[in-house]
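Biologist: I would like a close look at one loop in this model, and at whatever it leads to. Please take it step by step.

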Amino acid sequence: MVSWKPVYARRADRMKASEIRELLKVLERPGMISFAGGIPDPALFPVAAAAQVYADALASPNAASAALQYAVSEGYGPLRQWIAEYMTAQGIAASPDNILVTAGSQQALDFLGKLLLTPGDTALVTVPTYLGALQAFSAYEPRYDSIGPRAANRTPASYADEAAKEAAGARVKFVYVVPDFANPTGETLSRPARADVLDLAGELDVPVLEDSAYSALRFDGDEMPSLQSLDVRRRGSLDASRVIHLGTFSKTVAPGLRIGWVCASRAIISRLVLIKQASDLNVSAINQIVMHRLVKDGGHAGLIARARAHYRLKRDAMLRALEAQMPSEARWTRPDGGFFVWLTLPDGVSGAALLDRAVNQAQVAFVPGAAFFHDGSGTNTIRLSYSLPEEAVIEEGIGRLASLLR
Ligand code: PMP
């Protein structure tokens, strides 16, 4: 028997199975109502259109030989062009050279960790933050420090001092934020908070990683300018901006094609292209061709409009059920978009212990919030996703959870 532990690299110590993945194992039980996985509703997938476009992409020998071949690492030209125009329409004058197509935005998180973090460097994150980002970054052995309201009295110098404590030369390397309808809280950064993030990054002279996974899924309220558009306005151009914007088609079209993108200065994109080459050469050519044909000529706008209307009804059903049924000691967020409501339980009530009882006694699943806190706090929080269940099922599931809590 090989003794595996001694042969693992040091970074492997930081890799832990995600609680979300472990949890998915019980979701198959009959009768289980799941608010756990933050995944899109397959009812929205453009199945017939995708079938047609895949068939078209293989219809002629010429088309098929491109669709099934290796492709350039930067991404399929027409898709890069489309994404550049999409970003430009949002106030970020981008050219295709500012775009790298990635295998979902998750791959972009990994690549940026690889590009920016030397072990011991500090990543600034909100508390809580997206678990998948912590997992991607942690392989590069960073330290974490917290930004946000909890750290409101921190000065830029205090972040720099804290980072330098670790080792000679260790420093803050970036700020990571999910500004719109965040995973896991559903919350959106206000305009002043966006300006604060840019000010902090400016003072520390570090990039901001803007993860816009849910930004297109706004149900109410005014559109918020992206951090990148605000920074481009401050600095005059995308190539002068320190914001690295991560986009994805996963929540608006379908995650199965695995297509996201990075929009950033050409300097950053050309480095990321080298990492893409070394990692997996390119995103599947046929999937990029299919995605381009699904989103062009108004296709994307149509899918977004449908998704917004669909998820809004589910959000409304969850908030209505929470209002009607939850004991008054529980508090929760009221998201203007996205997939998630974040529930804070009374002090001393553990989200993980509640999950155990919820799954076994009430057949309801959710994600305990603690996994989203890099600092081990947040034990009395849970994440509820409304993206998948039908409205009546949402009402039933919240009812079961409320009875358990009472
Ligand atoms: N960022 C956030 C905040 C997410 O919630 C997700 C998906 N759970 C991702 C990135 C990754 O999505 P994808 O790789 O499918 O683009």
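Between which strand and which helix is the place of Pro184?

Modeller: The model is predicted. Pro184 is in the loop between strand S5 (172-177) and helix H8 (191-204). The peptide bond that leads into this proline, from Asn183 to Pro184, is cis, with omega near 20°. As background, most peptide bonds are trans.

Asn183, on the other side of that bond, leads to the ligand, as it is one of the residues around it. Gly104, Ser105, Gln106, Tyr130, Asp211, Ala213, Tyr214, Thr248, Ser250, Lys251 and Arg258 are also in this shell. Sorted by class, the shell has three nonpolar, six polar and three charged residues. Helix H5 (residues 104-116) contributes the most to it, with three residues.

The distances to the ligand can be taken one at a time. In the side chain of Ser250, an N or O atom is 2.6 Å from an oxygen atom of the ligand. Gln106 takes part through its backbone, where a polar atom is 2.9 Å from an oxygen atom of the ligand. With Lys251, the ligand atom is a nitrogen, and a polar side-chain atom of the lysine lies 3.3 Å from it. The ligand has 400 Å² of accessible area on its own, and the protein covers 90% of that.

Arg258 is another shell residue with a backbone feature to note. Its phi is near 55°, a positive value in a residue other than glycine. It is found in the loop between strand S7 (243-248) and strand S8 (260-263). Its relative accessibility is 36%, so Arg258 counts as partly exposed.

A positive phi of about 55° is also found at Asp205, which is not a glycine either. Asp205 is in the loop between H8 and strand S6 (208-211), and H8 is the helix that closes the loop of Pro184. With a relative accessible area of 54%, Asp205 is exposed, because the cut-off for that class is over 50%. In general, most residues other than glycine have a negative phi.

A cis bond is also found between Val127 and Pro128, with omega about 0°. Pro128 has its place in the loop between strand S3 (122-126) and helix H6 (131-138). Tyr130, which is in the ligand shell, is further along the chain.

For context, here is the rest of the fold. The protein has 14 helices and 13 strands. Of its 406 residues, 53% count as buried. The radius of gyration is 22 Å, which agrees with the value near 22 Å for a compact globule of 406 residues. Along the principal axes, the C-alpha trace spans about 60 × 60 × 55 Å.

One sheet deserves some detail. It is open, has four strands in the order S9-S10-S13-S12, and pairs them antiparallel. Strand S9 (331-332) and S12 are at its edges with a single partner strand each, so one side of each has no neighbour in the sheet. Strand S13 (residues 381-385) is joined to strand S10 (residues 340-344) by five bridges. Among the bridge partners here, Trp342 goes with Arg383, and Val341 with Leu384. To strand S12 (residues 367-368), S13 is joined by two bridges, and Pro368 has Ile382 as its bridge partner.

S13 is also well covered. Five of its five residues are buried, so the strand is largely enclosed by the rest of the structure. On one side these are Thr381, Arg383 and Ser385, and on the other Ile382 and Leu384.

Two single residues complete the picture. Ala365 lies in strand S11 (residues 364-365) and counts as buried, because its relative accessibility is 0%. Its C-alpha is 6.3 Å from that of Ile33, although the two are 332 residues apart in sequence. Ser95 is in the loop between helix H4 (77-89) and strand S2 (99-102). At 27% relative accessibility, Ser95 counts as partly exposed. Ser95 and Arg80 are 15 residues apart in sequence, with 8.4 Å between their C-alpha atoms.

Technical notes:
Residues numbered from 1 in each chain as written. Predicted model: local features only at pLDDT ≥ 70, side-chain atom pairs only at ≥ 80, totals over all residues. Heavy atoms only, no water. Near = heavy atom within 4 Å. Polar contact = N/O pair within 3.5 Å; in protein donor to acceptor, adjacent residues only side chain to side chain. Areas by Shrake-Rupley, 256 points an atom, 1.4 Å probe, with all protein chains shown as cover. Nonpolar A, V, L, I, M, F, W, Y, C, P; charged D, E, K, R; others polar. Buried < 20%, exposed > 50% of the residue type's maximum accessible area, 1.4 Å probe, protein only. Pairing = 2+ DSSP bridges. Rg over C-alpha atoms; globule rule 2.2 N^0.38 Å.
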